[in-house]
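This report describes how helices and buried residues are arranged in a single protein chain. Please consult the sequence and the structure shown below while reading.

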Amino acid sequence: MARSSTRKGKVSIDPKLYQSSMVQGSYFNRMLDCGPVNRMAEIALAYLPPRVLDEHKERLAFVCMAHRDGTRLAQRLRATREIIVLSEHALPDYNSHEGRRDFRYFIYIVLHETAHAIRKHRSPVYDSLEAEEIEDQEKEADELALQWFNAHIAARANPHLPPLTREEIAQAQARTQKIMLDRIGGA
Ligand SMILES: [Zn+2]
């Protein structure tokens, strides 16, 4: 069961929800397959509203490729979870932190892809979506990610963690676009 109710009818959050991925069998341990980046992914997932994470804690999986040459996604995994694959070039530096732009963009990506997953967005390719439908889905994922990010930041009221803006996201995307073009040679 994803969550339980108290006598007053309020939803209570599973106390083990945020247990470290280093603990065998914890929710994060089963959810995260990002090697040395697992800890950063945990921080990113903590930006989700607790109820959203609690509801989907056994339905999401994050896979990173920076620490391996290849991987096979097992049938059991594919059948039970939405799988989000994170690009190596979008991972933060190993010693980065939440106040830095690379880390903030990484968090944004995790939230954006999670939004696609939990809203059950359709595949542009396999569902043959029209351009307008793709755009609507992207807009919804963007808005949810920004909303989650900034609600989390507001609740912490840490002066070193300013709200995320669309401008900051666009600048980060320009940086990753350049990395991608450099790597694949451009068209
Ligand atoms: Zn998207």
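## Helix packing and the nonpolar core

In this predicted model, helix H5 (residues 101-118) packs against helix H7 (residues 166-184) at an angle of about 100°, and their axes lie 10 Å apart. Because angles of 65 to 115 degrees count as roughly perpendicular, H5 and H7 are roughly perpendicular to each other. On the H5 side the contact is formed by Arg101, Tyr105 and Tyr108, and on the H7 side by Glu168, Ile169 and Ala172. Sorted by class, this contact of H5 with H7 comprises four nonpolar and two charged residues, with no polar ones.

H5 also takes part in the largest nonpolar core, to which it contributes the largest share, eight residues. That core has 32 residues, and Ala41, Phe106 and Leu111 have the most contacts inside it. At least two residues of the core come from each of helix H1 (27-31), helix H2 (38-45), strand S4 (60-64), H5 and helix H6 (131-156). In soluble globular proteins, nonpolar side chains tend to be buried together.

Which residues does Leu111 contact, leaving aside its neighbours within four places in sequence? They are Tyr47, Leu48, Ala145, Trp148 and Phe149. Ala145, Trp148 and Phe149 are also among the buried residues of H6, as is Ala141. H5 is included in what covers the buried residues of H6.

H6 itself has 26 residues and spans 38 Å from its first C-alpha to its last, close to the 38 Å expected at 1.5 Å a residue. After H6 comes Ala157, which has a positive phi, near 45°.

The buried residues of the two helices H2 and H6 are set out here.

| Helix | Buried residues |
|---|---|
| H2 | Met40, Ala41, Glu42, Ala44, Leu45 |
| H6 | Ala141, Ala145, Trp148, Phe149 |

The buried residues of H2 pack against H1, strand S3 (32-33), helix H3 (50-56), S4 and H5.

Met31 is located in helix H1. Is Met31 buried or exposed? A residue is buried if 20 or more other C-beta atoms lie within 10 Å of its own; Met31 has 23 other C-beta atoms within 10 Å and is therefore buried. Leaving aside neighbours within four places in sequence, the contacts of Met31 are Lys57, Leu60, Ala61 and Phe62. Of these residues, Lys57 is separated from Met31 by 26 residues in sequence, while the C-alpha to C-alpha distance between the two is 7.3 Å.

Terms used
Residues are numbered from 1 along each chain as its sequence is written. This is a predicted model: local features need pLDDT of at least 70, side-chain atom pairs count only at pLDDT 80 or more; totals for chains, interfaces and linings use all residues. Axes are lines fitted to C-alpha atoms, for helices over the stretch in contact, and angles run from 0 to 180 degrees between N-to-C directions. Helices (H or I, at least four residues) and strands (E, at least two) are DSSP runs, numbered from the N terminus. Angles under 35 degrees count as roughly parallel, over 145 as roughly antiparallel, 65 to 115 as roughly perpendicular and the rest as oblique. Two residues are in contact if their C-beta atoms, placed from the backbone, lie within 7 Å. Ala, Val, Leu, Ile, Met, Phe, Trp, Tyr, Cys and Pro count as nonpolar, Asp, Glu, Lys and Arg as charged, and the others, Gly among them, as polar. A nonpolar core is a set of buried Ala, Val, Leu, Ile, Met, Phe, Trp, Tyr and Cys residues joined through C-beta atoms within 7 Å. A residue is buried if 20 or more other C-beta atoms lie within 10 Å of its own, exposed if 12 or fewer, and partly exposed in between; C-beta atoms are placed from the backbone. The expected span of a helix is 1.5 Å times one less than its number of residues.
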